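Reader: I am new to reading protein–DNA models. Could you take me through one?

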Number of protein chains: 2
Amino acid sequence: MKPRITLKKIAREFGVSISTVSKALKDSHEISEETRGKIKAFADYYNYKPNNLALQLRNQKTSVIGVIVPEIVHHFFSTVINGIEKYATERGYNVMVCLSNESYEKEVSNMSMLTNGSVDGLIVSIARETLQNQNFKHFEAIIKDDFPLVLFDRINDDIECDKVIIDDIGGAFKATNHLVEIGSKRIALLTTQDFITVGSLRKKGYIKSLNKSKISVDEGLIYKIDDNLDLYEQIKNVFTSKNTPDAILAVNEIYAAIALKVAKESGLKIPEDIAIIGFTSGLISEYTDPPLTCVEQHGFLMGKQVAELLINRIENVSPSEFQKVVISPNLKIRKSTLDD
Amino acid sequence: MKPRITLKKIAREFGVSISTVSKALKDSHEISEETRGKIKAFADYYNYKPNNLALQLRNQKTSVIGVIVPEIVHHFFSTVINGIEKYATERGYNVMVCLSNESYEKEVSNMSMLTNGSVDGLIVSIARETLQNQNFKHFEAIIKDDFPLVLFDRINDDIECDKVIIDDIGGAFKATNHLVEIGSKRIALLTTQDFITVGSLRKKGYIKSLNKSKISVDEGLIYKIDDNLDLYEQIKNVFTSKNTPDAILAVNEIYAAIALKVAKESGLKIPEDIAIIGFTSGLISEYTDPPLTCVEQHGFLMGKQVAELLINRIENVSPSEFQKVVISPNLKIRKSTLDD
DNA sequence: TAACCATACTCTAACGTTTGCGTAAAAAAG
DNA sequence: CTTTTTTACGCAAACGTTAGAGTATGGTTA
């Protein structure tokens, strides 16, 4: 790469000082019309642009926000990133995305690298491994220095910072209520392992709804899916079990789509024999047959909220106590539960 | 945010010079065991980490690569980013992602911001608007300075740099051949408008296959879908036209899934009455009913290749002439074309 | 006791930028 | 013709870091 043109080189060219060049390019009245003109022409010709690193170092401000997500090939996370990016751009910030890949170690190293001056603030959705370890020292370390931090979706209540979450309990509650309303009695839950916060919260909403409707909770209808094993085989168990459900609530889109597939393979009619609802984030629910009723998570809105909290925190216009924004999901009713 | 601890502060604390502190932390033999010890203990206690901006400025190297994609809520692009990130991490680089949002202006401003010192090299997939304008001055500007640049997927041949593309012609050729082999005679093509390179290349592969099989090309079977209009309505036309096809090749997953849906609504059996193939990038094809046969694009591999070319270019281990890597897609046969 | 050497530092420049302050020369005012 | 003001610049410090060159102190050697 050719070395870029700098103030120093321009200064040398005209035999003036660096500050003269700097001021000339800023149209300072301290510099004569004539000098300004020739310096600007020269700078323009050589396409001078101030070096960002130097500016950031001097201004002690990067106008970059760092985002660490567990993965990016995931409709929900990429939608949130999209929301973050849109809002950040409006407020004059750029976005640097890093992936923790669900790994504790990578989350730590990403955080360490980003907080060493590269960004003005950090947005994180916690890695699965970290949630499993319950090791949050890396968060505490930056919080101690008042480093601006916002957590979203995968959060931990012990970490003291701004947070944005989906009302998972409410979403699962709404979804389960809907199933009860259409007459389901034996509602299976396809959820994640307990340490995934969203999974356990959605389970709470499911139980809350059953309690409200005076339906007893059957632990045999609750399936904790392990993402590291074969999903298809695990979900098949729901249908081979003697304890057969007449409805399924899945905590994500993939579980729901697989359940739908397996149900059809088992000769079941949807929604007559079995109704299915998933939490969605992507486009799958829309294109299955029948399309899946689902809890929509508003990832884009979430991204905007997260970015807003962070930038307000960076620019010191936030209230001093930390905020927790809860986004209400809504139920999108499609033909997997109601066939009109 | 509390000001971070710096060498200067540590130096002041012990009444030594900044360079003494720097050397002590680097375990230099120039500094006495005793001084080293207390400085390191102090630095450790206050969690000293060198400021990245300062290092980057001094070393004239950021170890960050910039990525500009048209959108991120798109399985193909996020998969490529994933590949880039994985490979970059292995080689000690971080990734900064920006979105052009298909806008020329935003692409230009993102490039300008990233090339002013923030990153060591740039990976770009060109925005739709830029391809439409054919205005590539912003690329020429950075190429003139030998700024490391790699284009992928949405490229332009006039831009002189390393490139990675999918063999779109080959992919469409394979897919069309498959349709011909299963007996299709009237194969419709759902493609994009002409200025999208991938759309027009896939059209070429489609035509090449028809020519090979001595099937005449019927322009009435080629539908150019406008992404800004209602997709569903546009695709409906394929089925209401008198010129009905017995197979459909769609240049992306969404077009294919919608075609499948409309076909079923029209009472057509798949694949008996009409076979459907899409180019895929996401998970939709897998969960439709029947699952869609599709051309798989290997986004992850593409990301790795792109990152490798770029980092080799940055580290000056590339051959001086520019490379063009072509990735062959493969045909994943599912039940939308072959029902066994 | 002068010359030499090792030790343990400090100084300085460099990366690229901005900005308040100082100042020489020219112009205006008295 | 002196004093003041204006013009048009240069200087230096600051952001945080590194690394080669320079130096004061003390001890060893001839």
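Author: We will look at the DNA strands, then the chain contact, then the cysteines. This is a predicted model, where local features need pLDDT of at least 70, side-chain atom pairs count only at pLDDT 80 or more, and totals for chains, interfaces and linings use all residues. Residues are numbered from 1 along each chain as its sequence is written, chains are lettered from A and ligands numbered from 1 in the order in which they are written, and side-chain values use heavy atoms, with hydrogens and water left out.

Reader: Which residues come nearest to DNA strand D?

Author: A residue is near a strand if one of its heavy atoms lies within 4 Å of it. There are 29 such residues around DNA strand D, and A:Thr20, A:Glu30, B:Lys8, B:Tyr48 and B:Arg58 come nearest. On the DNA side, 61% of the strand D atoms within 4 Å of the protein belong to sugar or phosphate. The rest belong to bases.

Reader: What does the side chain of A:Glu30 meet on DNA strand D?

Author: Think of polar contacts here (pairs of N or O atoms within 3.5 Å). An N or O atom in the A:Glu30 side chain is 2.5 Å from a base nitrogen of strand D. A:Thr35 meets a phosphate oxygen instead, at 2.8 Å. For A:Gln60, the distance to a phosphate oxygen is 3.1 Å.

Reader: Which side chains meet DNA strand C?

Author: A:Arg58 is one of them, with a polar side-chain atom 2.4 Å from a base oxygen. B:Lys23 also meets a base oxygen, at 2.9 Å. B:Ser17 lies 2.8 Å from a phosphate oxygen.

Reader: How many residues does each chain bring to the contact between chain A and chain B?

Author: Contact means heavy atoms within 4.5 Å. Chain A brings 55 residues and chain B brings 55. The size of an interface is often given as the accessible area lost when the parts come together. Here that buried area (1.4 Å probe, summed over both parts) is about 5000 Å². Carbon and sulfur atoms give 57% of it. In chain B, the residues losing the most area to chain A are B:Leu53, B:Asn116 and B:Tyr287, together 15% of what that side buries.

Reader: How many disulfides are there?

Author: A disulfide is a covalent bond between the sulfur atoms of two cysteines. The test is a pair of cysteine sulfur atoms within 2.5 Å. The count is zero over all chains.

Reader: Why does A:Cys98 form no bond with B:Cys98?

Author: B:Cys98 holds the closest cysteine sulfur, but it is 12 Å from that of A:Cys98, so the two are too far apart for a bond.

Reader: Is A:Cys98 buried or exposed?

Author: Buried means under 20% relative accessible area, exposed over 50%, and partly exposed in between (1.4 Å probe, protein chains only). A:Cys98 has 1%, so A:Cys98 is buried. B:Cys294 is buried too, at 1%.

Note on methods. Polar contact = N/O pair within 3.5 Å; in protein donor to acceptor, adjacent residues only side chain to side chain. Buried area = accessible area lost by both parts, 1.4 Å probe.
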